[in-house]
Amino acid sequence: MIQEPSKTAGSCPLCSKPGREIPRNILFQHLDSDGITRTFSWKTAFVCLQFDCECLYFSATRWLSHRHCNKKVGFKNVAPPHVLCHCFGYTGEEIMRSRDSRPSILEEIQAYLEKGGHLCEKTNPCGQNCLGA
């Protein structure tokens, strides 16, 4: 783990791209025990949404790799499957194959969200729904 200073509080210390602030409890739901220990003192937490950056979570100059996550983070992994929807377990590959079916997986997810589905914030390591809304 290389620790270099970030340009701003919300910038990833590795890629310098802006991250998205997330509630600290997201860390404890998705990290392995070593990751939890390393982040226990963090006052704020951000997620790096850059697919080509090793960092998943960061706070100031401290960061953790997606390899500390207790589940596969689809957009951070090169090899399939790329789990994108953690509520239903759908992969990017399944979503693409379902484009021409009715309802498509994306339509199913959208219907879930419109009916008040709210597990995304707990099941997704990014702390938001897989459609990014």
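In this predicted model, Ser16 lies in the segment that precedes β1, the strand of residues 20-22. The phi angle of Ser16 is near 65°, a positive value in a residue other than glycine. Most residues other than glycine have a negative phi, and most peptide bonds are trans, which is the background against which such a backbone angle is noted. With a relative accessibility of 31%, Ser16 counts as partly exposed, because the class of buried residues ends at 20% and that of exposed residues begins over 50%.

A second positive phi in a residue other than glycine is found at Ala60, where the angle is near 55°. Ala60 belongs to the loop between β3 (55-59) and β4 (62-65), and these strands form a hairpin with 2 residues between them. The relative accessibility of Ala60 is 39%, so this residue, too, counts as partly exposed.

The strands on either side of Ala60 belong to an open sheet of 4 strands, which follow one another in the order β1-β2-β3-β4 with antiparallel pairing. Because β1 and β4 stand at the edges and each has a single partner strand, one side of each is left without a neighbour in the sheet. From one strand to the next, the twist averages 35°. Strands of a sheet pair through backbone hydrogen bonds, either parallel or antiparallel.

Within this sheet, β3 is joined to a strand on each side. The strand β2 (residues 45-47) runs antiparallel to β3 and is joined to it by 2 bridges, and the bridge partner of Phe46 in β3 is Phe58. Between β3 and β4, which also run antiparallel, there are 4 bridges. Across this pairing, Cys55 stands opposite Ser65 of β4, Tyr57 has Leu64 as its bridge partner, and Phe58 stands opposite Trp63. Phe58 is thus matched with Phe46 in one pairing and with Trp63 in the other. In a regular strand the side chains alternate between the two faces of the sheet. For β3, however, 5 of the 5 residues are buried, so this strand is largely enclosed by the rest of the structure.

Further along the chain, the peptide bond between Arg102 and Pro103 is cis, with an omega of about -5°. Pro103 is located in the loop that links α3 (92-97) to α4 (105-114).

The helix that follows this loop, α4, has Ile105, Ile109 and Leu113 as its buried residues. Around the helix axis they cover an arc of only 75°, which means that they lie on the same side of α4. An α-helix has 3.6 residues a turn, so residues three or four places apart point the same way. The buried residues of α4 pack against two strands, β5 (83-85) and β6 (90-91), and against two helices, α3 and α5 (120-123). Just after α4, a positive phi of about 95° is found at Gly116.

Taken as a whole, the protein contains 5 helices and 6 strands, and from the N terminus on these elements run in the order β-α-α-β-β-β-β-β-α-α-α. The radius of gyration is 15 Å, which agrees with the value near 14 Å that a compact globule of 133 residues would have. Taken along the principal axes, the box filled by the C-alpha atoms is roughly 50 × 30 × 25 Å. Of the 133 residues, 40% count as buried, and the surface that the protein exposes comes to about 7,500 Å², of which carbon and sulfur atoms supply 57%. Among contacts between residues at least 6 apart in sequence, 49% join residues that are at least 24 apart.

Terms used:
Residues are numbered from 1 along each chain as its sequence is written. This is a predicted model: local features need pLDDT of at least 70, side-chain atom pairs count only at pLDDT 80 or more; totals for chains, interfaces and linings use all residues. Side-chain values use heavy atoms; hydrogens and water are left out. Buried means under 20% relative accessible area, exposed over 50%, partly exposed in between (1.4 Å probe, protein chains only). Two strands pair if DSSP finds at least two bridges between them. The arc is that of the directions from the helix axis to the C-beta atoms. Contact means heavy atoms within 4.5 Å. Axes are lines fitted to C-alpha atoms, for helices over the stretch in contact, and angles run from 0 to 180 degrees between N-to-C directions. The radius of gyration is taken over C-alpha atoms; the globule rule is 2.2 Å times the number of residues to the power 0.38. Accessible areas come from the Shrake-Rupley method with a 1.4 Å probe; for residues, only the protein chains shown count as cover.
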